[in-house]
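Q: I would like a close look at a single part of this model, namely the surroundings of its ligand, followed by some remarks on the local backbone and the cysteines.

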Amino acid sequence: MANKPMTPAPQQRKYLFWAVLFFCVAVLFFKTGNGSRPQTITPPALIREMRAGTVQQLSFTQGSLEVSGLMGSDKNHPSMFQVDLATQEQLNQVVDLAGTQSIKYHVIPAPHPPWWASMIEWVPYVLIFLYFIYIMEKQAKAQSKFISRDRRFTVDKKMVKARFADVAGCEEAKEEVADIVQYLRNPLSFNRLGGRVPHGVLLEGPPGTGKTLLAKAVAGEADVPFLAAKGSEFIELFVGVGASRVRVLFEEARKCAPCVIFIDEIDAIGKKRGVAIGGGHDEREQTLNQLLTEIDGFEQQEKPIIILAATNRSDVLDDALMRSGRFDRQVSMPRPDRNGRFGILRIHGRDKKMAPDVDLMAIAKDTGGMVGADLENVLNEAALEASKKRKEWIDQADLHEAVDKVSMGKARKSMKISDKEKRMTAYHEGGHTLVAMLTEGADPVHKVTIIPRGPALGFTKQLPEEDRYSHTKAYLLTMLRVLAGGRVAEEMIFGKENVTTGASDDFRRATQIARKMVFEFGMSDAGLSVYQDTSDFWGKPTGVDASPTTKEKLENEVERILQDTTGHVRELLEKNRKKLDALAEALLEKETLQVDEIASIIHNAPST
Ligand code: ADP
Ligand code: ZN
């Protein structure tokens with residue numbers, strides 16, 4: 001037979017609650033009300049009655065005067081009245097009159113209340129108090145139950161197959177963690193040679209650059225267990241849970257040392273302490289403290305534990321984390337350059353069937369700004385594309401299609417677009433393309449299309465000749481011109497009133513670039529000072545730290561650069577109106593133009 005628990009079922013508990021509440025309210029109500037009140041009589045009326053001889057008896061009880069006699073409506077039976085005695089004078093008058101009229105007058109002592117009577121008043125308060133205690137107790141129980149259940153918080157622990165050869169595009173980072181592998185493999189000999197290895201390594205870089213993968217490769221190369229956790233997993237509603245989980249994680253690690261612990265999104269626990277407002281950061285602080293305690297307690301002897309943590313912003317981390325003996329090695333994992341992307345594509349292409357003439361270097365060139373995870377995605381999309389078309393292998397076209405899909409979203413070929421809108425888009429993209437092709441120093445156009453993809457109705461794809469790490473003022477100006485090309489072309493052909501919202505993203509980017517040129521790079525006539533956006537103590541942006549007049553001067557300069565650019569582009573497009581028409585016509589006909597088609601159209605069309 002099943003055991004019935006002694007605690008009431010939730011339904012019953014609810015009734016109990018309402019019963020108690022009702023009782024309390026009832027008691028409080030009856031305590032204030034004293035039942036029915038007797039009739040009252042005013043002092044002058046009483047004196048009149050006393051003189052008339054109808055009053056039989058006066059009694060003085062607990063500070064109030066009651067009178068009985070043959071008064072009121074029923075003259076045959078004595079009835080009781082309460083007297084509204086307003087003043088002492090009136091009382092004296094009544095008492096005197098009672099003496100002269102020899103009316104019975106007595107004082108009735110207040111009845112002694114039974115011992116529990118005064119206590120009963122306290123019952124509701126006590127009950128309410130008990131109820132609160134009950135609620136608090138319940139909360140505490142739930143919390144302790146949560147924490148004790150949490151003891152079973154499982155740590156993701158496994159042997160991994162990843163190797164350094166599976167990671168590409170971050171050679172420096174690989175070098176920086178290579179000695180850790182040696183150390184994990186053979187700690188004693190490493191120590192004998194006087195090597196000192198950090199307890200913790202902080203991997204910093206944008207999401208998808210392979211931080212997790214590199215950590216796994218360290219464990220894989222050293223052939224030790226890999227324990228993974230996420231910073232956000234440590235943060236729970238209840239104070240103390242995070243710290244307890246950190247303890248569990250390190251307990252596990254000590255059991256299987258030598259091993260690698262990987263904590264992703266360390267910023268979730270490791271943010272600078274004491275900057276959060278109000279409550280809620282207690283828990284994080286406790287968790288962080290526990291983590292620091294555990295790291296400080298490492299004994300780097302025969303069974304070392306190495307902790308690798310990932311973040312995309314090390315600037316928000318608490319300094320205590322970076323102190324020596326903790327995460328005192330920081331390794332940056334930047335976006336891969338062209339060769340890096342090529343390496344990553346090769347790694348993920350290993351297990352895919354590709355046409356023999358596939359040129360992965362061209363894809364690497366085509367994917368500037370993408371990270372490892374994106375590139376892996378490109379190859380998967382290409383494989384899907386090829387299999388959808390029942391091809392034997394992935395060819396170059398599948399790869400290019402996949403790049404567009406990953407960077408811009410899926411092509412929306414079935415989207416209904418009016419002819420007018422199509423024409424508008426053709427001129428808009430044609431404008432970008434023509435300006436890019438006619439502007440010296442601008443990134444050449446690789447392809448232009450009016451097939452909508454993701455949120456965009458079309459796009460012009462420029463590719464840099466090589467990866468750029470810094471930009472000249474001249475180059476930034478070419479970017480501004482190309483961005484302006486879209487709207488200016490729309491305006492020229494359809495008139496100022498008919499321009500569309502399609503250019504809003506172009507404007508946003510152009511404004512950003514122009515602002516940076518003026519405020520941060522000192523690339524304008526307004527001066528060389530650098531004014532960066534600042535934020536207040538709580539991290540709220542407060543704008544640029546400059547005097548109002550300086551700010552105005554700089555804003556004006558930004559506006560001037562944008563106006564100049566637009567003017568210049570308008571002139572350029574007007575001078576090449578026929579070429580613009582030719583490009584737009586070709587786009588309307590073919591929807592997508594590749595680099596050589598673009599070049600020949602521009603070359604063959606007359607200027608005006
Ligand atoms: P992060 O931890 O930096 O967010 P991940 O390591 O989770 O990035 O990367 C996700 C996936 O993307 C990896 O499993 C891997 O398949 C691929 N990847 C990312 N960066 C690289 C790289 N540098 N080399 C090879 N593959 C990579
Ligand atoms: Zn545009």
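Which backbone N or O atom lies 3.5 Å from an oxygen atom of ligand 1, and what else can be said about the surroundings of that ligand?

A: The model is predicted, and the distances that follow should be read with that in mind. The backbone atom in question belongs to Ala373, one of whose N or O atoms lies 3.5 Å from an oxygen atom of ligand 1. Two side chains also take part in contacts of this kind: a polar side-chain atom of Thr212 is placed 2.5 Å from an oxygen atom of the ligand, while an N or O atom in the side chain of His348 lies 2.9 Å from a nitrogen atom of ligand 1. On its own, ligand 1 has 550 Å² of accessible area, and the protein covers 82% of it. Three elements each give two or more residues to the shell around the ligand, namely helix H8 (211-222), helix H13 (338-349) and helix H15 (372-388).

The shell itself consists of 15 residues, of which Ala168, Gly208, Lys211, Thr212 and Glu376 come nearest to ligand 1. Sorted by class, the shell holds 6 nonpolar, 6 polar and 3 charged residues. As for the placement of the ligand in the chain as a whole, ligand 1 lies between domain 2 (157-332) and domain 3 (338-408), because both domains give residues to the shell around it.

Turning to the backbone, helix H8 is followed by a loop that leads to strand S8 (226-230), and Asp223 has its place in this loop. The phi of Asp223 is near 60°, which is a positive value in a residue other than glycine, and Asp223 is exposed, with a relative accessible area of 56%. A second residue with positive phi is Glu265, whose value is about 50° although Glu265 is not a glycine. Glu265 is found in the loop between strand S9 and helix H10 (267-270), and at 33% relative accessibility it counts as partly exposed.

The loop between helix H9 (241-256) and strand S9 (259-264) contains Pro258, and the peptide bond that leads from Ala257 to Pro258 is cis, with omega near 0°.

The cysteines Cys256 and Cys259 deserve a separate remark. A disulfide is a covalent bond between the sulfur atoms of two cysteines. The structure holds 0 disulfides, and Cys256 accordingly is in none, the nearest cysteine sulfur being that of Cys259, 4.2 Å away. Seen from the other side, the closest cysteine sulfur to that of Cys259 is the one in Cys256, and the 4.2 Å between them is too far for a bond, because a disulfide requires the two sulfur atoms to lie within 2.5 Å. Both residues count as buried, Cys256 with a relative accessible area of 15% and Cys259 with a relative accessible area of 0%.

Finally, there is a pairing between residues separated along the chain. Thr511, which lies in helix H19 (residues 504-519), is partly exposed, with a relative accessible area of 33%. Its C-alpha atom is separated by 7.7 Å from that of Val558, although Thr511 and Val558 are 47 residues apart along the chain.

Methods: Residues are numbered from 1 along each chain as its sequence is written. Chains are lettered from A and ligands numbered from 1 in the order in which they are written. This is a predicted model: local features need pLDDT of at least 70, side-chain atom pairs count only at pLDDT 80 or more; totals for chains, interfaces and linings use all residues. Side-chain values use heavy atoms; hydrogens and water are left out. A residue is near a molecule or strand if one of its heavy atoms lies within 4 Å of it. A polar contact is a pair of N or O atoms within 3.5 Å; within protein, one must be able to donate a hydrogen and the other to accept it, and residues adjacent in sequence count only if both atoms are side-chain atoms. Accessible areas come from the Shrake-Rupley method with a 1.4 Å probe; for residues, only the protein chains shown count as cover. Helices (H or I, at least four residues) and strands (E, at least two) are DSSP runs, numbered from the N terminus. Ala, Val, Leu, Ile, Met, Phe, Trp, Tyr, Cys and Pro count as nonpolar, Asp, Glu, Lys and Arg as charged, and the others, Gly among them, as polar. Domain bounds come from an automatic or database domain assignment. Buried means under 20% relative accessible area, exposed over 50%, partly exposed in between (1.4 Å probe, protein chains only).
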